[in-house]
Amino acid sequence: MELTVSPGRKIVIGAQGMEAIMQNIATIVTTLACSVPFDRGFATGGAFIDSPSPHAVGAKMAELAEAIEQREPRVKVQRIAFDADAAGCTDGRLCPRITFTLREGVTL
């Protein structure tokens, strides 16, 4: 499965199945660490902001993969790429495109 996370993604209350998994991944990717009270380690850090160097992009990919697999254990991240041309990705934003599979034994 593939998910491109772009600004303005709507949250569906009561989402189930694959929709819930994709929504969880989008929440993890778009939430900055230390912004969630009582769970300061949730999501990812913001050190990559304004650092478009190849090293920073590679480090962000690894950080996102780790955060996704830790907080959404039903998936295995296969690939992360950044897309500047996705819908909603304007003004120099890079939107992560995450390719993932369900872990063995996960049923929806």
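These are my notebook entries on a three-stranded sheet and two helices in a predicted model.

**Ground rules.** I number residues from 1 along each chain as its sequence is written. Because the model is predicted, local features need pLDDT of at least 70, side-chain atom pairs count only at pLDDT 80 or more, totals for chains, interfaces and linings use all residues, and side-chain values use heavy atoms, without hydrogens and water.

**The sheet.** I looked up the strand order first. The sheet is open, with order S1-S3-S2 and antiparallel pairing. Strands are DSSP runs of E with at least two residues, and helices are runs of H or I with at least four, numbered from the N terminus. Two strands pair if DSSP finds at least two bridges between them. S1 (2-4) and S2 (75-83) each have a single partner strand, so one side of each lacks a neighbour in the sheet. From one strand to the next, the twist averages 20 degrees.

**One pairing.** I then checked S2 against S3 (residues 95-102). Eight antiparallel bridges join them. Lys76 has Thr101 in S3 as its bridge partner.

**The helices.** H2 (residues 54-71) packs on the sheet and touches S2 and S3. Contact means heavy atoms within 4.5 Å. H2 makes about 150 degrees with S2. H1 (residues 17-30) lies across S1, S2 and S3, at about 140 degrees to S3. Angles run from 0 to 180 degrees between N-to-C directions, with axes fitted to C-alpha atoms, for helices over the stretch in contact.

**Buried side of H1.** I listed buried residues (under 20% relative accessible area, 1.4 Å probe, protein chains only). Among them are Met18, Ile21, Ile25 and Val29. Their cover includes S1, H2, S2 and S3.

Terms used. Buried < 20%, exposed > 50% of the residue type's maximum accessible area, 1.4 Å probe, protein only.
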